[in-house]
Every structure is written in C-alpha cells, then in structure tokens.
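Colleague: I would like a close look at one part of this model. Please take me through a single strand, its partners and the charged pairs around the chain.

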Amino acid sequence: MRSLDIDACMESFMPYLEANRRTTNTVFHVSLDPSPEDKLTDEQLRKIACEYMERMGYGKQPYIVFKHKDISREHLHLVSLRVDENGHKLSHDFETE
C-alpha cells in the first residue's frame, strides 16, 4: 500500500461522477476484517483487496484502500465508484445490503 494525497484520489473519481448525475448511490464502500489470528503483511492485504474488487466487478474502477486499526485488529476499507468512466451504472449484483 502506498500513501496518496486525498485530493488526488478524489480528483481521479470526478470524471466518473460527472458523467452520471442520475445515479444516487455512486460510491461503493466495504470493510474487510481479517481474523485477529491472521497476521497479514501489507502485500497480502493489497492482494486481498485487489482480488475482492475484481470479484465484485469493480477491479477496473478507481478505488482507494485504507488500512487502519480502530478495532482490535488491522482491517481495510475499500472505496470505489458504482459508475464507469462513461457514466453507466455498474451492476451491483454481488453486493449485499
């Protein structure tokens, strides 16, 4: 994982958001919480995040991965967009609400 300026991250999302003003829930957010017994490296966490986004259908979207420890263990938050670069809403068939 690398550190990025949040303004640069948000700037990468803007063309997607501007292309579709009709979709109300444009942002995708999920938390991935490994077991407390799992001691994962940053590289392992990065691979888990990438694979998760691919399987969810968001792998080609810009997304941000935050790693932090506000509970008893390190975990990830993934944030992406539900609209593609042409403004088309992506399928959210794999999401559970």
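Modeller: What follows starts with the whole chain, moves to strand 3 and ends with the salt bridges.

A word on the source: this is a predicted model. The chain holds two helices and three strands. Read from the N terminus, the order is α-β-α-β-β. Of the 97 residues in the chain, 33% are buried. The exposed surface comes to about 6,800 Å², and carbon and sulfur atoms supply 50% of it. Now take contacts between residues at least 6 apart in sequence. Of these, 64% join residues at least 24 apart.

Now to strand 3. It covers residues 75-81. How many of its seven residues are buried? Seven of the seven are, so strand 3 is largely enclosed by the rest of the structure. Buried here means under 20% relative accessible area. Look at the two faces in turn. One side carries H75, H77, V79 and L81. The other side carries L76, L78 and S80. Every one of these residues is buried, so both faces of strand 3 count as covered.

Which strands pair with strand 3? Strand 1, residues 27-32, pairs with it in the antiparallel sense over six bridges. Within that pairing, F28 has S80 as its bridge partner in strand 3. S80 is also one of the buried residues listed above. Strand 2, residues 63-68, pairs with strand 3 too, again antiparallel and over six bridges. Here K67 stands opposite L76 of strand 3. L76 is buried, whereas K67 is partly exposed at 32% relative accessible area. The link between strand 2 and strand 3 is a hairpin of six residues.

K67 leads on to the charged pairs. Side chains of opposite charge can pair when their charged atoms come close. A search of the whole structure gives four salt bridges. One of them joins K67 to E74, with the closest N and O atoms 3.7 Å apart. E74 is partly exposed, with a relative accessible area of 38%. Salt bridges that share partners tie D42, K67 and E74 into one network. So K67 has two roles to follow on screen: it faces L76 across the strand pairing, and it belongs to that network.

Helix 2 is the next place to look. It spans residues 42-56. R46 and E43 form a salt bridge there, with the closest N and O atoms 2.7 Å apart. Both residues lie in helix 2, three residues apart, about one turn of the helix. R46 is partly exposed at 34% relative accessibility. E43 is partly exposed as well, at 38%.

Further along helix 2, E51 forms a salt bridge with R55. Their closest N and O atoms are 2.8 Å apart. Why are E51 and R55 about one helical turn apart? Because they are four residues apart in helix 2. E51 is partly exposed, at 42% relative accessible area. R55 is exposed, at 62%.

To put the parts together on screen, begin with strand 3 and its buried residues. Add strand 1 and strand 2 as its antiparallel partners. Then pick out K67 and E74, and finish with the two pairs in helix 2, R46 with E43 and E51 with R55.

Conventions
Residues are numbered from 1 along each chain as its sequence is written. This is a predicted model: local features need pLDDT of at least 70, side-chain atom pairs count only at pLDDT 80 or more; totals for chains, interfaces and linings use all residues. Side-chain values use heavy atoms; hydrogens and water are left out. Buried means under 20% relative accessible area, exposed over 50%, partly exposed in between (1.4 Å probe, protein chains only). Contact means heavy atoms within 4.5 Å. Accessible areas come from the Shrake-Rupley method with a 1.4 Å probe; for residues, only the protein chains shown count as cover. A salt bridge is a side-chain nitrogen of Lys or Arg within 4 Å of a carboxyl oxygen of Asp or Glu. Two strands pair if DSSP finds at least two bridges between them.
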